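Colleague: I'm new to this one and would like a close look at a single part of it. Could you walk me through the place where the ligand sits?

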Amino acid sequence: ESITVAELANRMAEKTSDLVKALFKMGSPSASTDLLDQDTAELLVTEFGHEIIRVSEGDVDIRHDEDIDDAEHLKPRAPVVTIMGHVDHGKTSLLDALRGANVVAGEAGGITQHIGAYQVKTPDGSQVTFLDTPGHEAFTEMRQRGANVTDIVILVVAADDGLKPQSIEAIAHAKAAGVPIIVAINKVDKEGANPQRVRERLLEHELVVEEMGGDVQNVEVSALKKTGLDKLLDAIAVQAEIMELKANPDRAAEGTVIEAKLDKGRGPVATILVRRGTLKVGDIFVCGAESGRVRALIDDQGKQIKSAGPSMPVEVLGLGGVPMAGDTLTVVENEARAREVATYRQEQATRKRTVQAPVSLEGMFEALADKANVIQFPVIIKGDVQGSVEAIVNALNKLSTDEIRVRVLQSGAGAITESDVTLAAATKAPIIGFNVRPNAKARDIAKRENVRFMYHDVIYHLTDEIRKEMAGELGPER
Ligand code: GDP
C-alpha cells in the first residue's frame, strides 16, 4: 500500500511543497509524484502533527484504533452478489424469484422491504447478500466512488437470446474489478432455449465453464418457473467458500452506503452494507460528510433489529443528513470525533470538487456562454433519492438538441437548501424538486430573489414541462 507525496499532502490538507521540503530534510528527497512507502508516509504524518488514522481500508485518514484485524478475529461472512446482464434477460425476475423463495421459507406474512439489498439462505444454511440494483452501471459507479462491495457477479444470459452487447460489457466490468463470475443461463423453460450455445459463446470471452474444463460455474435456471434457484445458491456458496470471505465482527462497525434517501416521516435514511464489525443501535458514526447516532436498525424484512454484523444490509435511522451511495459509514467513539471526521471529509469533498471542475460563478457563466449559438437551459435538481436524481439527469440530458442544451448546474438527494437557491438566483436556473421541498430559509431567499421551483413526482411529467419550456426558448419560428 503506497501513496504519492501529492496525494498524502492532499489528505493531510498540507502543501505538497512543504512535504517535499520535509522529505528532503529527512534525507529522502522526493518529487510530488513519487510513491512513498508506508513507513515514510506515517513518519511524515506524525512530523506534521497529524494522527495516523485509517478511517477505511486504504484510506490514510484520521484513525482511532488499531487498523488491521488479526487473522484470529476473522470469521466467515456472507458473499455480496450483484446481478448483471443484458436488458430483458431476466435480472429483475431472478432477483424477485430469489427473494420470493426466501419469503416462503421465512415466517408467514413476512413482508419484504426494498431497502437496496437483501439476504437469502442457501440450501446449506449459509447466507448470501444480493444487491438490489442490477446492471453494471450501479456496479461501476460504486467502484468509481471507491466502494468495491461486490464479491461475486451473477451474469444472467437468456438461453433463447444468447450473449448480447450488455452481457459482454458486464463480463468486461466484472473482469476489470477482478470479481469472479457465475453464469445463470435463464429462460431455459422457453422454446428455442439453447444453453449449450451460451456456454460455447462464453469461450470467446475467456469464460470457460466447468463442462469445458474451466472453472466458471454455470447454472441453468428459469426465473419464471422458479427452477434451478437452489442450484444457483449452491454455486454461490461454493464460490464464496473458495474465496474464504472473512471479516471481524467484534469491532467498531464500518459499512458502505448502498442507497440513501430523505423519508418524509423518518428523515434521512440510508441502507448500509456492513463490511466489518457490528453496527448497533446507539452507535455514534460518521457517514460520508454526515454524522449521527443509530436511532434504529431495520432489516430487509422490515423488522427492527438491535445489531447488524458483516455483509448484512440494514436501514439506518438517525443520520444528520442524506449521504451518497458509496460513502463509508464509520463508527467512532464520541461525538467530538464524529464532528472532526465529518468536517475533515467535507473539506476533502470540497477540495475534490474544486480540482475536478471550477465551480466559481464566473466559471459557470463562461461555461453557459460557451458555445455561442447553442442555447443553454440551466437547471438545478434535488430529489428524495439519489437514484431518481440520476434518472432525471439522464432523462433531461436526452432532451438536448443541436440548438438547445440542458445544463445541470447542481444535483443531489435531499431538501432544497439555501445554497441551491443562491445558485439558482445567480444563474436564473429553475430548481426542480422531485418529491422534495425547500427548507424555510431557502424558501425565504427564493421569494426575495424570484427563484422558480418546479415540483414533480413523475419523471415524464417533468420532462414534458422542460421540453415545452425549451421549445419556448427556441421561439415560435421553429
Ligand atoms: P431485466 O431487464 O434483465 O431485469 O429482465 P426482466 O426480469 O424484466 O425480464 C424480462 C422479461 O423476461 C419479462 O417479461 C419476464 O417475465 C421474462 N422472463 C424473465 N425470466 C424468465 C424465464 O425464466 N422464463 C421466461 N419464459 N421468461 C422470463
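Colleague: Which polar backbone atom is 2.9 Å from an oxygen atom of the ligand, that is, to which residue does it belong?

Modeller: Sure, and keep in mind that this is a predicted model. The backbone atom you're asking about belongs to Ala-223, and it is 2.9 Å from an oxygen atom of the ligand. Side chains make polar contacts with the ligand as well. In Asn-186, an N or O atom of the side chain is 3.0 Å from a ligand oxygen. For Lys-187, an N or O atom in the side chain is 2.9 Å from an oxygen atom of the ligand.

Let's stay with Lys-187 for a moment. You'll find Lys-187 in the loop between strand 10 (181–186) and helix 7 (195–203). Its backbone is worth a look too: Lys-187 isn't a glycine, yet its phi is positive, at about 60 degrees. Asn-435 is another residue other than glycine with a positive phi, near 60 degrees. Asn-435 sits in the loop between strand 24 (431–434) and helix 13 (440–449).

Now back to the ligand and its wider surroundings. There are 15 residues around the ligand, and the ones that come nearest are Asp-88, Lys-91, Thr-92, Ser-93 and Asp-189. If you want to trace the site on screen, you could begin with those five names, then go to the side chains of Asn-186 and Lys-187, and end at the backbone of Ala-223.

Key. Residues are numbered from 1 along each chain as its sequence is written. This is a predicted model: local features need pLDDT of at least 70, side-chain atom pairs count only at pLDDT 80 or more; totals for chains, interfaces and linings use all residues. Side-chain values use heavy atoms; hydrogens and water are left out. A residue is near a molecule or strand if one of its heavy atoms lies within 4 Å of it. A polar contact is a pair of N or O atoms within 3.5 Å; within protein, one must be able to donate a hydrogen and the other to accept it, and residues adjacent in sequence count only if both atoms are side-chain atoms. Helices (H or I, at least four residues) and strands (E, at least two) are DSSP runs, numbered from the N terminus.
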